[in-house]
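Student: Could we go through this one together, starting with the empty spaces inside and then moving on to the charged pairs?

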Amino acid sequence: MYATEEYNEDYIYDYDAHTGDPHLDMEYERSFYSKMPDMVKKFLQYFRDAINEGVIYDIQNMYENTFPKLSEQHFDKRAWPDEHEVATLVEDDQVFMILYKELYYRHIHARIPGGPSLDQRVSSFLNYCDFFNLILSSSSPVSLELPDIWLWELVDEFVYQFQNFAQYRARLTDKSEEEMDQLLNNNSKVWNILCILNVLHSLVDMSNIKAQLEVSANGGDPESVAGEFGRHSFYKMLGYFSLVGLLRVHSLLGDYYQAIKVLEPIEIHKKSQYSHIPACQISTSYYVGFAYMMMRRYSDAIRTFCSILLYIQRTKQLYSSRSYQNDQINKQTDQMYHLLAICLVLHPQCIDESIQQVLREKNYHDNMYKMQCGDLEVFKNFYTFACPKFVSPCPPPADAPMEDYVKDPMEHQIEVFMDEVRQQQDLPTIRSYLKLYTTLPLVKLASFMDQGNHDTEERQERKIANLLIHLLCFKHKMKNIVWTKGSSGLEGKFQSGSELDFFIDNEMIHIADTKVAHRYGDFFIRKILKFEDLNRRLHQIKT
């Protein structure tokens, strides 16, 4: 209803009134907010009434549509009204004020040039504490209903602000003595990693979401194990989104095994009733695929990326109109294409033709060819663009030199990844030669790999010994654990992902092409069964 009404045209922001002094500017802002348009006042009052009455449709409409529009039109590069001004409008409604401040500080992180101040970061953390204390310390479920998209973005923003604060805390070069004193003495436990993990695990435990997912996967009724809190959609969805939040936190810390482990109740490779929030599903697949890649499970990473990229292709029109989601989704999509290109170079295999088409259209193939030729710089550039912004679980010590430590976790992960790449640097070349032959003498392949002149007998022996190491590396690297079934993404069997196999007998390499021709029958049978099931469900709906 607010999106269609006209706004007060006299509402003009006076930039000249700012002095540069933060205290004077804050006083000016507070006096200015008293002039906020009636439209904003009506929106806040109506928003509060809808939340108190639990009208999900109205809450979601205002959260997804009206709030972003008002932000764009009136608060593009500055904060929403101060909490004290809003409190008088909503009769100091504590629950609404907590939710309003969550949006208020999220807006500051996203829109304000230069980002939030230390005080704003601390206040945002304390507001999250108030929210989680409200819902976790209650002896019975709180009477609060919020749309699932808000619950997802609340948990996602909570993890993002932790990540953002960790980077801010690690950058010591731009801190004054006063800021350092505040960080070390007054706010040493703000955005602490243990607090973040404790909140997310508490939400998971209170909702009994793991037990619900396990029972649901076995065909049972999740309500039977949901418990008093888990029966409420509010707690159940917060628990589910907290599992995804834990996946992200562990990925940011570089603990990839634990990142996959925490998702064990979720059947990663299957769609479920919880996968109706596109941003959540895309974020989950991004971090799962990245964790698989870093664990050298390239087949699983490729399957994860291809599955979600196909999903994005088919459903993009559903969220393309929502710019605040679209920007993030577009970025993660580009990152996943980069990661997929890396995986396909390290572990070549067939993928869906539509994904191949995108890789061709966006000129990934040129860079993939450079990576196949051993260009380490392209590997590093792709990885740096596509990886998460890693953080350290601990801030720099109090006596650390005043330097910038933000890049340390990133550089460590880059070095781990590049070590793996360097081990496989010659494998694409070896693969290309093996594809051309059915039998190939070791001496001949060694000469192809190292075309030096005037080889002595000793040098020839070294070349063959070095080649044998690379051939063994080829065998080892092409054999990965691949998920086959089960709810745990860590389960799987060792499978060879190479399209060719070989063995060595008396200085001779014997090569066998193991590439299996496409079988289209299974594809059509699956589609027929799928349509039959769909038809059966439609008939059930009619009856």
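**Cavities and salt bridges**

Tutor: Sure. Counting those of 30 Å³ or more, there are four cavities. Keep in mind that this is a predicted model.

Student: Which elements give two or more residues to the lining of the largest cavity?

Tutor: That cavity holds about 40 Å³ of space. Its lining includes Val345, Leu346, Leu376 and Phe379. The elements that supply two or more lining residues there are α16 and α19 (376-386).

Student: And how many charged residues are in that lining?

Tutor: Among the residues lining the largest cavity are Met371, Gln424, Gln425 and Pro428. By class, the lining splits into seven nonpolar and three polar residues, and the charged count is no residues.

Student: What about the second largest cavity: how many charged residues line that one?

Tutor: The second largest cavity has about 40 Å³ of space. Helices α7, α12 (233-253) and α14 (278-294) each give at least two residues to its lining. Asp156 and Arg248 are among the lining residues, and Asp and Arg count as charged. Next to four nonpolar and two polar residues, the charged ones number two.

Student: On to the charged pairs. How many residues apart in sequence are the parts that arginine 111 and aspartate 76 tie together?

Tutor: These two form a salt bridge, with their closest N and O atoms 3.1 Å apart. Arginine 111 sits in helix α5 (residues 94-111), whereas aspartate 76 is in the loop between α3 (56-74) and α4 (83-89), so the bridge ties together parts separated in sequence by 35 residues.

Student: Are arginine 106 and glutamate 153 buried or exposed?

Tutor: They form a salt bridge too, the closest N and O atoms being 3.3 Å apart. The bridge links distant parts of the chain, with arginine 106 in helix α5 and glutamate 153 in helix α7 (residues 148-170), 47 residues apart. Buried means under 20% relative accessible area, and both residues are buried.

Student: Where does lysine 362 lie, given its salt bridge with aspartate 334?

Tutor: The closest N and O atoms of this pair are 3.6 Å apart. Lysine 362 is partly exposed at 43% relative accessible area, and aspartate 334 is partly exposed at 28%. Aspartate 334 belongs to helix α16 (residues 323-346), and lysine 362 lies in the loop between α17 (353-361) and α18 (364-372).

Student: Last one: how many salt bridges does the structure hold?

Tutor: Besides the pairs we went through, some salt bridges share partners and join Arg48, Glu91 and Asp93 into one network. The total for the structure is 17.

Notes
Residues are numbered from 1 along each chain as its sequence is written. This is a predicted model: local features need pLDDT of at least 70, side-chain atom pairs count only at pLDDT 80 or more; totals for chains, interfaces and linings use all residues. Side-chain values use heavy atoms; hydrogens and water are left out. A salt bridge is a side-chain nitrogen of Lys or Arg within 4 Å of a carboxyl oxygen of Asp or Glu. Helices (H or I, at least four residues) and strands (E, at least two) are DSSP runs, numbered from the N terminus. Buried means under 20% relative accessible area, exposed over 50%, partly exposed in between (1.4 Å probe, protein chains only). On a 1 Å grid over the protein atoms alone, a cavity is a set of points where a 1.4 Å probe fits but cannot get out, and a pocket is an open set with protein on both sides within 12 Å along at least five of seven lines; lining residues have an atom within 4 Å of a point. Grid points are joined across faces, edges and corners, and a volume is the space filled by probe spheres set on the points.
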